[in-house]
Amino acid sequence: MSTYVVLALLVALLVYAVIVYNGLVALKHAVTKSWSNIDVLLKQRHDELPKLVEVCRQHMQFESGTLEKIISARSGAKVAADKGDVKGVGAAESMLRAGLGSITATVEAYPELRANQSLQTLLGRITGLENAIADRREFYNETVNANNVRIEQFPDVIVARMGGFKEADLLEFEEAEIRDVDVKALFAGGSAT
């Protein structure tokens, strides 16, 4: 009789371990899928940036420093994404967003750029992609958080360690990106610090 009880407990433990393992696998793949969704949007936005830079370059007075900042940030984001460096992508994307903000602010000072329909269309598409990326970032970070909490909870931590499950990195923003905008400095033509 006690052999059956021990056997039943072992079977129950094995079934529990399989359920936990399968749940962890599902979370791991959810993190990968949510990152892939962000990656697709980032690639779409990165495909639009050379067009935007070219339209701006056609106007000789446009600030070349702003364009160089965008090109550099785009390169950094691509390199980080290719390496799978989520933190590096977050930092590069913060720089890229700052550059795009500079373009939008600078366009206001150039009536010929402001009137350019190609530029307005590109800015509209990039803004739409920015909003979609923000939504996907939130979903990605929620998925990463669920994964990271689950692999640290007892008794799931035992299965997670045996299965080699690892924490995933959150897609975090630089302090400058989450800080309140200094509207007074924007209207004065300066930059917020």
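A polar contact is a pair of N or O atoms within 3.5 Å. The views below come from a predicted model.

**View 1. The start of helix 3 and its cap.** D85 caps the N-terminal end of helix 3. In this contact, a side-chain oxygen of D85 lies 3.3 Å from the backbone nitrogen of K87. The helix that follows covers residues 86-107, which makes 22 residues. From the first C-alpha to the last, helix 3 reaches 31 Å, close to the 32 Å expected at 1.5 Å a residue.

**View 2. S94 within helix 3.** Further along helix 3 is S94. Is S94 buried or exposed? S94 is buried, because its relative accessible area is 7% and the limit for buried is under 20%. The side chain of S94 reaches the backbone oxygen of G90, at 3.0 Å. An α-helix has 3.6 residues a turn, so residues three or four places apart point the same way.

**View 3. The largest nonpolar core.** This core has 16 residues. Those with the most contacts inside it are L49, L52, C56, I70, L100, I103 and L119. At least two residues of the core come from each of helix 1, helix 2 (64-83), helix 3 and helix 5. Which helix gives the most to this core? Helix 1 does, with 5 residues. Another core, of 15 residues, lies apart from the largest one. Among the residues of that other core are V31, A80, V89 and I133.

**View 4. The second largest pocket.** The volume of this pocket is about 250 Å³. Its lining consists of 14 residues, and K28, V31, T32, Y140 and A168 lie nearest the centre. Helix 1 (2-57) and helix 5 (117-152) are the elements that give two or more residues to the lining. Helix 1 gives the most, with 4 residues. What classes of residue make up the lining? There are 6 nonpolar, 4 polar and 4 charged residues. V31 appears both in this lining and in the core of 15 residues.

**View 5. The chain as a whole, for placing the close-ups.** The chain has 8 helices and 0 strands. Read from the N terminus on, its elements run α-α-α-α-α-α-α-α. How much of the chain counts as buried? Of its 193 residues, 35% do. S94, shown in View 2, is one of the buried residues.

Conventions: Residues numbered from 1 in each chain as written. Predicted model: local features only at pLDDT ≥ 70, side-chain atom pairs only at ≥ 80, totals over all residues. Heavy atoms only, no water. Expected span 1.5 Å × (residues − 1). Polar contact = N/O pair within 3.5 Å; in protein donor to acceptor, adjacent residues only side chain to side chain. 1 Å grid on protein atoms, 1.4 Å probe; cavity = no way out; pocket = protein on both sides within 12 Å on 5 of 7 lines; lining within 4 Å. Points joined across faces, edges and corners; volume = space filled by probe spheres on them. Nonpolar A, V, L, I, M, F, W, Y, C, P; charged D, E, K, R; others polar. Buried < 20%, exposed > 50% of the residue type's maximum accessible area, 1.4 Å probe, protein only. Core = buried A, V, L, I, M, F, W, Y, C linked by side-chain atoms within 4.5 Å.
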